[in-house]
Amino acid sequence: MEERKGSPDWSEFINPVLKSLPPSGIRRFFDLVSEMKDVVSLGVGEPDFVTPRNIIDACVRSLDNGQTGYTSNQGMLELREAIAEEINGSYGVKYDPVSEILITVGVSEALDLAMRALISPGDEVLIPEPTYVSYIPCAALAYAKTVPLKTNMDKLFRVTAEQVEKAITPRTKILLLAYPNNPTGAVMTRQELLDICEVVKAHNLIVISDEIYEHLTYIEPHTCVSSLPGMKERTILLSGFSKSYAMTGWRAGYACGNPDFIGAMTKIHQYSMLCAPTQAQVCALEALRSGKPDMRRMTAEYNKRRKLVVDAMEEIGLPCFEPGGAFYAFPDITKTRMNAAEFSERLLMEEKVAVVDGTAFGEAGEGHVRISYAYSVEKLTEAFRRMNRFVKRYSS
């Protein structure tokens with residue numbers, strides 16, 4: 001038999017859906033940043049605080065005690081009980097820790113599990129834009145069609161019940177909500193969510209609600225979607241410890257929902273991850289037990305920085321609505337007569353300040369850039385000094 005010559009085209013073996021997905025707009029940009037010196041980066045959405053000492057100590061104790069094995073697929077029961085108690089105390093929603101809570105490897109895994117557990121090929125998922133970079137790819141990898149609900153600064157980047165109603169088709173199955181929002185810092189009022197939920201119930205949809213920034217709100221209290229009338233059974237609530245407790249690297253998240261949803265997600269989880277890291281779960285439990293003072297301290301610091309950002313954008317001359325949650329601002333840069341990609345690249349090359357091109361979060365992000373204020377006041381101040389110089393150069 002004649003031997004085939006040359007190497008095969010291995011890319012032909014790759015899943016076509018995966019091949020069609022672009023790389024993360026955030027990571028692609030910051031690969032470039034990592035190669036430059038003297039860059040002030042306001043791009044990564046990660047707390048600049050170290051995980052509080054009492055949480056780290058809990059991890060060390062667990063290691064000293066030999067707690068290095070697997071946990072239940074669903075996660076430590078003690079942690080699930082603590083989460084159930086926390087949610088009930090905060091929002092008045094009762095979840096059964098045995099059948100309605102799953103501990104995951106960060107909220108990212110929880111989102112992926114929810115998508116794969118619920119979506120059949122061709123189902124439609126409604127996603128407000130601008131949107132976090134992983135939502136659309138996760139839906140696409142589950143063979144869903146994503147339908148953007150575009151928001152803008154004039155409406156404070158809030159999606160409306162009318163938008164949801166108009167976008168629904170016979171194939172619509174899921175509405176993905178993520179408030180407080182990344183990248184805009186937008187929050188939804190309780191009444192706005194109530195109006196949306198009436199549409200959801202009328203059309204028998206499921207809501208996946210990513211509430212990872214639930215504790216980082218500054219103007220009005222957070223509204224938990226599953227606490228609204230008739231929504232607990234049709235909502236998968238996602239949250240975790242990364243942002244509020246400065247635990248990004250621990251990868252501790254969770255999902256709450258009815259037993260059918262959580263059971264399906266657990267089935268995927270047990271064949272892929274088996275369980276969340278044991279030490280991450282130990283630390284998450286300690287965060288719930290003793291981490292509130294540190295969480296409040298960090299939130300107060302973010303609030304100070306938030307006001308600094310809003311004032312700085314006004315002084316620079318970039319329109320920016322006041323973000324009500326998370327730790328991001330999303331200023332309008334159109335006065336510079338550059339699109340978002342050009343603005344971000346020139347700002348990096350000319351002034352060595354890294355922000356994220358708004359189109360990394362969907363087409364609705366054009367004309368904006370994302371600024372993270374999860375950085376020290378010193379870094380923020382220096383970055384804004386450079387940005388002011390840059391903007392004046394191109395808007396004069």
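What volume does the second largest cavity have? The answer comes in the legend on the cavities, and every view here shows a predicted model.

**View 1. Strand 7 is at home among its neighbours.** Strand 7 covers residues 235–240, and six of its six residues are buried, so the strand is largely enclosed by the rest of the structure. Follow the side chains along the strand: Thr235, Leu237 and Ser239 point one way, while Ile236, Leu238 and Gly240 point the other way. Residues on both of these faces are buried. "Buried" here means a relative accessible area under 20%.

**View 2. Strand 7 has partners that run in two senses.** Start with strand 6, residues 206–210, which runs parallel to strand 7 and is joined to it by four bridges. To find one of the contacts, look for valine 207, whose bridge partner in strand 7 is threonine 235. Now turn to strand 8, residues 253–256, which is antiparallel to strand 7 and is also linked to it by four bridges. Here glycine 240 stands opposite glycine 253 of strand 8.

**View 3. The largest pocket draws its lining from several parts of the chain.** This pocket has a volume of about 580 Å³. It is lined by 26 residues, and those closest to its centre are Gly45, Ser108, Tyr132, Lys243 and Arg251. Helix 2 (25–33) and helix 5 (106–118) each provide at least two lining residues. Helix 5 gives the most, with three. Sorted by class, the lining holds 12 nonpolar, eight polar and six charged residues.

**View 4. Cavities are found inside the model.** There are three cavities of 30 Å³ or more. The largest cavity holds about 110 Å³ of space. Among its 15 lining residues, Tyr179, Pro180, Met188, His222 and Thr223 are the closest to the centre. That lining divides into nine nonpolar, four polar and two charged residues. And the opening question? The second largest cavity has a volume of about 60 Å³. Its lining is made up of Glu86, Glu214, His215, Ser239, Gly240, Phe241, Tyr245, Tyr254 and Leu288. You may recognise Ser239 and Gly240 from strand 7, where they point opposite ways. By class, this lining has four nonpolar, three polar and two charged residues.

**View 5. Two prolines follow cis peptide bonds.** Most peptide bonds are trans, so a cis bond is worth a second look. One cis bond runs from glutamate 129 to proline 130, with omega near 0°. Proline 130 sits in the loop between strand 3 (124–129) and helix 6 (135–141). Another cis bond leads from tyrosine 179 to proline 180, with omega near -5°. Proline 180 belongs to the loop between strand 5 (172–177) and helix 8 (190–202). Tyr179 and Pro180 are also among the residues closest to the centre of the largest cavity.

**View 6. Two loop residues have a positive phi.** Most residues other than glycine have a negative phi. Phenylalanine 157 is not a glycine, yet its phi is positive, at about 55°. You will find phenylalanine 157 in the loop between strand 4 (145–150) and helix 7 (161–167). This residue is buried, with a relative accessible area of 2%. Alanine 326 is not a glycine either, and its phi is about 60°. Its loop lies between helix 11 (292–316) and strand 9 (328–329). Alanine 326 is buried too, with a relative accessible area of 0%.

**View 7. Helix 12 keeps its buried residues on one side.** Helix 12 spans residues 340–351, which makes 12 residues. From first C-alpha to last, helix 12 reaches 16 Å, close to the 16 Å expected at 1.5 Å a residue. Which residues of helix 12 are buried? They are Ala340, Phe343, Ser344, Leu347, Leu348 and Glu351. Because these residues cover an arc of only 125° around the axis, they lie on the same side of helix 12.

**View 8. Three strands form an open sheet.** The strand order is 9-12-11, and the pairing is antiparallel. Strand 9 and strand 11 (356–357) are the edge strands, each pairing on one side only. Strand 9 meets strand 12 (residues 369–372) over two bridges. One pair to look for is tyrosine 328 with its bridge partner in strand 12, serine 372.

How values were computed:
Residues are numbered from 1 along each chain as its sequence is written. This is a predicted model: local features need pLDDT of at least 70, side-chain atom pairs count only at pLDDT 80 or more; totals for chains, interfaces and linings use all residues. Side-chain values use heavy atoms; hydrogens and water are left out. Buried means under 20% relative accessible area, exposed over 50%, partly exposed in between (1.4 Å probe, protein chains only). Two strands pair if DSSP finds at least two bridges between them. On a 1 Å grid over the protein atoms alone, a cavity is a set of points where a 1.4 Å probe fits but cannot get out, and a pocket is an open set with protein on both sides within 12 Å along at least five of seven lines; lining residues have an atom within 4 Å of a point. Grid points are joined across faces, edges and corners, and a volume is the space filled by probe spheres set on the points. Ala, Val, Leu, Ile, Met, Phe, Trp, Tyr, Cys and Pro count as nonpolar, Asp, Glu, Lys and Arg as charged, and the others, Gly among them, as polar. The expected span of a helix is 1.5 Å times one less than its number of residues. The arc is that of the directions from the helix axis to the C-beta atoms.
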